[in-house]
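Work through the exercises below with the sequence and the coordinates at hand. Each task is followed by a solution in steps.

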Amino acid sequence: MNAPSSAPKPPASLAANPRLSSWVRFTGEGRVAISPGKVEIGQGIVTALAQIAADELDVEIGRIEMIRASTAASPNEGVTSGSLSIQQSGRALRQVCAEVRQCFLAAASERLGVDAASLAVRDGTISGPGNVRTSYWELASEVSLDHDASAGVTAKTAAKRAVAGHSVQRVDIPDKVFARPRFLHDHTLPGLLHGRVLRPDMPGAKLLTLDEAAANAVSGLIAVVRDGSFAGVVAGSEAAAEAALKALRRGARWSAGEPLPDENDLAGFLRSQPAETTIIDTRAAATIRPTRTLRRQYTRPYIAHASIAPSCALAQWDGDRVHVWTHSQGVYLLRADLAIALKLPAENIVVEHMEGAGCYGHNAADDVALDAVLLAKAAGGHPVRVQWSRHDEMCHAPFGAAMAIEIEADLDAENEIVGWRHAIWSNGHAARPGRATQPALLAASELAKPYPRMISTNPPAANGGGGDRNSVPLYDFPAWTITSHRLLTMPVRTSALRTLGAQGNVFAIECLLDEIAALRGEDPIAFRLRHLRDERAKDVIRAASRRAGWKPARQSGIGYGVGFARYKNTGAYCAAIAEIEGTDDIRVRRLTLAVDVGEAINPDGVINQIEGGAIQATSWVLKERVRFDRTHITSTSWTDYPILTFSEVPTVDVEIIQRPEIEPVGAGEAAHGPVTAAIANAVHDCLGVRLRELPITRDRIIAAMELAS
């Protein structure tokens with residue numbers, strides 16, 4: 001006898017949060033409250049999730065109210081990152097709503113006395129033969145959702161979905177357009193006070209002395225707070241808080257900080273530090289003696305999150321309980337770190353999400369939350385709002401890790417690839433809260449009884465990796481070895497930045513492929529297609545090529561380049577073609593992209609994500625670089641850390657290859673690597689020099705030209 005087939009595994013987020021009532025409830029006003037654990041950070045996730053719920057419940061999307069994530073009531077879906085929200089929350093919510101619909105159909109069948117199979121749902125109204133009808137809201141008091149999801153309910157097929165797969169207006173945009181308070185920075189509470197925190201310019205410096213007298217003389221000051229090297233002020237207004245902080249800074253004395261590396265030799269620094277070495281992947285083949293070996297090194301600098309609005313948080317104590325409002329990407333993970341730092345039970349802490357500026361990874365949102373909590377202790381039960389300055393944000397928030405990547409490509413007599421070795425030197429790319437026995441929050445390392453500053457690690461390969469993300473080729477090279485060297489020192493604080501190591505690795509791989517194609521005299525797109533077996537990969541390259549009219553006739557001062565990747569090697573496929581103008585400076589004129597995310601729940605939202613990623617990648621490639629000397633960060637303003645301006649934004653044209661039969665994946669980080677490589681390859685096409693160090697600046701182009709001459 002054959003063994004009985006096991007029940008299908010529920011989506012991971014549903015397995016972790018199986019109670020239906022934690023996801024869905026019906027309110028008396030004819031509304032549906034949907035409560036995911038993922039958060040809106042500008043990526044449009046609340047809209048896509050609302051579409052999924054509307055489809056499975058058969059209600060108009062306008063009836064759906066998306067509830068902000070909170071540790072008081074929401075499912076614990078970990079952190080909103082890695083382009084995983086649709087994969088994790090979307091799949092779980094689809095299954096939940098399908099079962100909720102079935103529960104209500106069963107109740108309607110019993111009330112109306114008709115077979116459930118004869119009932120239909122339209123905008124929440126359930127009707128059947130003889131014009132009998134009821135609704136979700138009439139039945140809500142009779143149908144308990146306070147039980148776990150079962151494994152036996154099947155969601156609708158793609159063909160039966162009326163909302164998913166179609167572009168709808170973002171549900172979060174009207175509040176923002178009409179200036180209704182939605183952002184945390186605009187949130188007010190009765191009796192609100194304002195806080196600011198004093199920090200040194202030198203990383204690792206300790207506070208030796210603090211003269212509080214000048215700060216105490218400021219009108220409106222409520223309290224000066226100090227705990228070890230953590231110091232700050234609480235005041236009745238932002239102006240008073242700023243004045244008190246300025247006075248406090250004048251009398252502060254600090255120890256020497258930790259020395260920083262030589263910014264102009266980041267590769268040398270990264271390759272010289274103690275590191276944990278891991279073989280990420282190997283592929284063996286019959287040994288073929290190469291005719292030549294190309295050895296190339298690629299680098300990217302430390303990159304700031306550079307959110308337009310600095311990080312902000314509110315906190316309010318009530319006895320030994322505290323409520324925190326934050327734009328953290330992981331409310332439960334932040335709560336876990338707050339519990340450690342405060343030595344409180346987690347149940348004494350409520351962490352509630354509100355939207356903030358775009359963060360694109362682990363910025364200072366979690367750090368400022370602990371700042372607010374510590375300052376609020378001195379506020380006598382009043383809520384305290386803490387907002388970092390631009391200087392704080394650019395100096396003290398975690399950065400995306402610098403990377404040095406060396407690739408050796410063994411070539412035969414026809415310049416075909418017979419071997420490939422890819423090595424990465426980088427700090428770890430993740431030091432998010434809630435994942436260790438010690439807190440990862442900045443203030444926790446400044447207390448009188450400090451916690452050690454966490455050395456960033458890399459997520460496991462099963463979760464997409466960190467510094468090694470996208471380092472394993474998708475191309476059918478006969479042999480390779482991929483090695484990661486994670487630094488065990490961290491003079492510059494690093495953590496998750498959008499794509500983690502994928503941008504650097506795709507940049508390196510795709511640039512070297514172009515160089516090898518040129519050696520062979522082969523079109524770079526044809527070269528890629530010849531080395532790919534995945535038809536979805538080929539399709540996005542062909543689609544981008546066709547849409548861009550590859551390759552236009554050569555024009556003086558104009559260059560074209562291509563880049564391709566599948567994010568994490570398991571997520572969205574993306575190909576990019578860049579058109580650049582290389583005169584006095586490099587200007588990206590046009591980016592043409594094709595993307596395959598499986599089922600695109602909201603096609604307009606996918607296009608928005610790809611456009612945003614492409615523009616951000618352009619900024620990274622041409623401009624962004626954290627600057628520092630041997631003692632402190634120097635790029636603490638927009639002047640010192642320029643980003644792409646509106647007048648420099650390229651035209652971005654996106655084609656979606658819609659595959660409704662395939663489970664959806666996220667689009668938020670798919671474009672960065674391909675766009676980076678496409679721009680770099682276009683620079684070579686235009687100017688005849690290969691730039692392997694980011695950002696690609698005028699000075700570096702001139703230096704490369706001089707070296708080549």
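The exercises treat confidence, a small set of strands, and a pocket in this predicted model.

**Exercise 1.** State how confident the prediction is along the chain, and find where pLDDT stays under 50.

Solution. Begin with the whole chain: pLDDT averages 94, and 99% of the residues score at least 70. Then turn to the low values: residues 1-5 stay under 50. For residues 1-5 the model has zero contacts beyond four places in sequence.

**Exercise 2.** Describe the sheet that contains S5, and place helix H3 relative to its strands.

Solution. Take the strand order, which is S4-S5-S6 in an open, antiparallel sheet. Strands S4 (120-122) and S6 (133-135) are the edges, each pairing on one side only. From one strand to the next the twist averages 30°. Next, examine one pairing: S5 (residues 125-127) and S6 are joined by three bridges in the antiparallel sense. Serine 127 is found opposite arginine 133 of S6. Finally, add the helix: H3 (residues 85-112) lies across S4, S5 and S6, and its direction makes about 140° with S6.

**Exercise 3.** Characterise the second largest pocket by volume, lining and residue class.

Solution. The volume is about 440 Å³. Its lining has 22 residues, with Met66, Ile67, Arg68, Val171 and Arg182 nearest the centre. Helix H2 (45-57) and strand S3 (64-66) are the elements that give two or more residues to this lining; S3 supplies the largest share, three residues. Sorted by class, the lining residues are 12 nonpolar, eight charged and two polar.

Definitions and conventions: Residues are numbered from 1 along each chain as its sequence is written. This is a predicted model: local features need pLDDT of at least 70, side-chain atom pairs count only at pLDDT 80 or more; totals for chains, interfaces and linings use all residues. Side-chain values use heavy atoms; hydrogens and water are left out. On a 1 Å grid over the protein atoms alone, a cavity is a set of points where a 1.4 Å probe fits but cannot get out, and a pocket is an open set with protein on both sides within 12 Å along at least five of seven lines; lining residues have an atom within 4 Å of a point. Grid points are joined across faces, edges and corners, and a volume is the space filled by probe spheres set on the points. Helices (H or I, at least four residues) and strands (E, at least two) are DSSP runs, numbered from the N terminus. Ala, Val, Leu, Ile, Met, Phe, Trp, Tyr, Cys and Pro count as nonpolar, Asp, Glu, Lys and Arg as charged, and the others, Gly among them, as polar. pLDDT is the predictor's confidence in each residue, from 0 to 100. Contact means heavy atoms within 4.5 Å. Two strands pair if DSSP finds at least two bridges between them. Axes are lines fitted to C-alpha atoms, for helices over the stretch in contact, and angles run from 0 to 180 degrees between N-to-C directions.
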